[in-house]
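Colleague: I should like to learn how to read the features of a protein model. May we take them one at a time, the general idea before the particular case?

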Number of protein chains: 2
Amino acid sequence: MHSVQPIRLKIALDMMGGDHGPLSTIPAALAAISEFPHLDLTLVGDAETLQQQLAEHGISEHPQLAVQHAPQQVLMTDKPSVALRSKRQSSMRIALDLVEQGKVGACVSAGNTGALMAMAHFVLKMLNGVERPALIGSLPSTTDKPVYMLDLGATVNCDSDTLFQFAVMGAVMVEEVEGIHRPKVALLNMGEEEIKGSDQIKRTSLLLSECSDINYIGYIEGNDIFSGKADVIVCDGFVGNVALKTCEGVAKLILRRLETALKNSMSAQLFGWLIKPFLKSMALGVNPDQYNGASLIGLRGIVVKSHGNATKEAFLSAIRQAVREVERQVPVKIKDRLEHVLIDKA
Amino acid sequence: MHSVQPIRLKIALDMMGGDHGPLSTIPAALAAISEFPHLDLTLVGDAETLQQQLAEHGISEHPQLAVQHAPQQVLMTDKPSVALRSKRQSSMRIALDLVEQGKVGACVSAGNTGALMAMAHFVLKMLNGVERPALIGSLPSTTDKPVYMLDLGATVNCDSDTLFQFAVMGAVMVEEVEGIHRPKVALLNMGEEEIKGSDQIKRTSLLLSECSDINYIGYIEGNDIFSGKADVIVCDGFVGNVALKTCEGVAKLILRRLETALKNSMSAQLFGWLIKPFLKSMALGVNPDQYNGASLIGLRGIVVKSHGNATKEAFLSAIRQAVREVERQVPVKIKDRLEHVLIDKA
């Protein structure tokens, strides 16, 4: 008797991206193959550096790991246009090429966001029916489900058609990855009163109201992002980026204040052992590292972007996100749904 | 010997605005006159209701209080255009008229933001050199100084000239109200990489770089709003509103998580008496009520907007803000500075 072999997943990792490069990406890769026995990773980067780093972890060869040499590296300071033209042998580009060639199902990078977006767009192309890519990421909420938000910074200015497509893509992502049936989709807007945002937001709202495929619940304000009212929150890339980074800022501010309060109190110092676990669980709950496996969607392939200063944990959580998206074949599902919505509208 | 009498300050309060109306505004008014012995308040609203509420606090007359009857009231659901046309006898409108007539130095309202902005614009008119009004408010920071941010929602779409004027107005506000010499002014933008926001933000950055009157420090991202890097943060009204409300949302999320963590731990319950003061001081530090005396600036008069669901404390802090702006004659200072900047540019 033979046991059934699970289908093997293949993912390429840009090992050289992010502020820490292989110092973060190697430990994350090792944790990932241990967590997912059916996962094969192609480690793309400077082969010598990678072999050295693997050796430091006592590994010379591993059945789930392959090293692919890339002589170049995209720097955080590289302009996207320059990276696109002159970094065709970079770890980022080669990892994307592997996706395009069908050799792997997804790529994960913590590198230069602008360069990654430009290269991914160029190499993988847009899905039919999608005009612009979006970065989608999950945030914590006061319920037990995360809330997904897009666009977090891929497309600065969005017209109503683009925002509408983002809404469809976000809904499919949450249905597939979180298993939520007919997820609640909301548009991020300002003010409680009648003056409601810009013309393109009003027009998007109209488009979504008329689309029976989308469970559109209307406008949502910033203070309700985390309330669980919506499963998917749609906004343009500028607003989404500012909102996401503002969350980081507030979390840092509150932690700092709490730490100061604890430090200044004698009695609190005595009971510090008691309070620390709460602080830690709170920090984890809002830690962007836990939630920064943002996916670039709208493309004919899966690309997950990890934060620039990604730690091992952050890069690992980005790999996990890629695994889920490959398993659920998110781009195919997005394409199918968009076709269905467009037929429905016609 | 006679003691020197301080100059008396006069402020009109829209008593009927906000979710709680006189239930919040009367206690706030009473606290304000006790805090500022040189402050005279004109309480504008339904005279009978106000007299009744005052009587419940044991007051029939008070040398610092005058009641001015207003037969109408702007509702939270009123469209700004409708309020402007058909609510000329409302408490909000009469309070603004008192500013325009020079009978008081400022007005404070917790009412319908859209209506207040429309009415204030119509009644008070813009300062010379200012195209659009802005809502400016102060947020907590990790330093001992607050950070001011504008626009928080008055002007949805801003071109670069408008954003430039906002920067000048914000700098003057912080200089006058916080006493900071040459406050650091930053533009809110996205991403750490080279793709930096929209064209109007790049153009505003250029205008500010060339203006020696402004201590412009460049772009800032959402995660640095509270870091004290900047004293004044400039953005358009949509982005500012979303960022501000997102802060509220994050603070609520973290408090909820911390409370849950404390609740689930037996030992934490035992030491709850110890932890509560920290929780409370933290909540105060990020409580929007403490920071919601947002001022509508760019007008020929002082208008402070308190939050719609303002508590007594929130409305009181809005009155305090109005007192500071009257004392420092902020609109005159803004006008002078703008004239100077424009001469400098010419």
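Colleague: How many of the contacts in chain A, between residues at least 6 apart in sequence, join residues at least 24 apart?

Modeller: One begins by asking how far along the sequence the contacting residues lie. In this predicted model, 73% of those contacts in chain A join residues at least 24 apart. The chain itself has 12 helices and 11 strands.

Colleague: What share of the 346 residues in chain A is buried, and what does the surface of chain A consist of?

Modeller: Burial is counted residue by residue, with a residue taken as buried under 20% relative accessible area. By that count, 62% of the 346 residues in chain A are buried. The exposed area of chain A is about 14400 Å², of which carbon and sulfur atoms supply 52%.

Colleague: In what order do the strands of the sheet in chain A stand?

Modeller: A sheet is read across its strands, from one edge to the other. In chain A, an open sheet of 11 strands follows the order S3-S2-S1-S4-S11-S10-S5-S6-S9-S7-S8, and its pairing is mixed. Strands S3 (65-69) and S8 (215-220) of chain A are the edge strands, each pairing on one side only. On average, neighbouring strands of this sheet are turned by 25° against each other, direction ignored.

Colleague: Which strands does helix H4 of chain A touch?

Modeller: For a helix on a sheet, one lists the strands it touches and then gives an angle. Helix H4 (residues 91-100) of chain A packs on the sheet and touches S1, S2 (39-45), S3, S4 and S11 (302-305) of chain A. The direction of H4 makes about 145° with that of S2(A). Helix H7 (residues 199-209) of chain A lies across S7 (184-188) and S8 of chain A, at about 160° to S8(A).

Colleague: How do strands S1 and S4 of chain A run, and how many bridges join them?

Modeller: Pairing is read from the bridges and the sense of the strands. S1 (residues 9-14) and S4 (residues 106-109) of chain A run parallel and are joined by four bridges. Within this pair, Ala12(A) stands opposite Cys107(A).

Colleague: Why is one side of S3 and of S8 in chain B left without a neighbour in the sheet?

Modeller: Again, one looks first at the order. The open sheet of chain B has 11 strands in the order S3-S2-S1-S4-S11-S10-S5-S6-S9-S7-S8, with mixed pairing. S3 (65-69) and S8 (215-220) of chain B stand at the edges with a single partner strand each, so one side of each has no neighbour in the sheet.

Colleague: Which elements make the β-α-β unit in chain B?

Modeller: Such a unit is followed from strand to helix to strand. S1(B), H1(B) and S2(B) form one, and it is right-handed. S1(B) and S2(B) run parallel, joined by six bridges, and Ala12(B) has Thr42(B) as its bridge partner. Five of the six residues of S1(B) are buried. Helix H1 (residues 22-35) of chain B lies across S1, S2 and S3 of chain B, at about 165° to S2(B).

Colleague: Which residues touch the most other members of the largest nonpolar core?

Modeller: A core is read through its contacts. Leu96(A) and Leu96(B) touch the most other members among the 168 residues of the largest nonpolar core. Leaving aside residues up to four places away in sequence, Leu96(B) touches residues including Cys107(B), Leu116(B), Met119(B) and Val303(B). Another core, of 34 residues, lies apart from it, with Leu13(A), Ala29(A), Phe36(A) and Ile319(A) among its members.

Note on methods
Residues numbered from 1 in each chain as written. Chains lettered and ligands numbered in written order. Predicted model: local features only at pLDDT ≥ 70, side-chain atom pairs only at ≥ 80, totals over all residues. Heavy atoms only, no water. Pairing = 2+ DSSP bridges. Helix = DSSP H or I, 4+ residues; strand = E, 2+ residues; numbered from the N terminus. Contact = heavy atoms within 4.5 Å. Axes fitted to C-alpha atoms, helices over the stretch in contact; angles between N-to-C directions. Core = buried A, V, L, I, M, F, W, Y, C linked by side-chain atoms within 4.5 Å. Buried < 20%, exposed > 50% of the residue type's maximum accessible area, 1.4 Å probe, protein only. Right-handed = clockwise from strand over helix to strand, strands pointing away. Areas by Shrake-Rupley, 256 points an atom, 1.4 Å probe, with all protein chains shown as cover.
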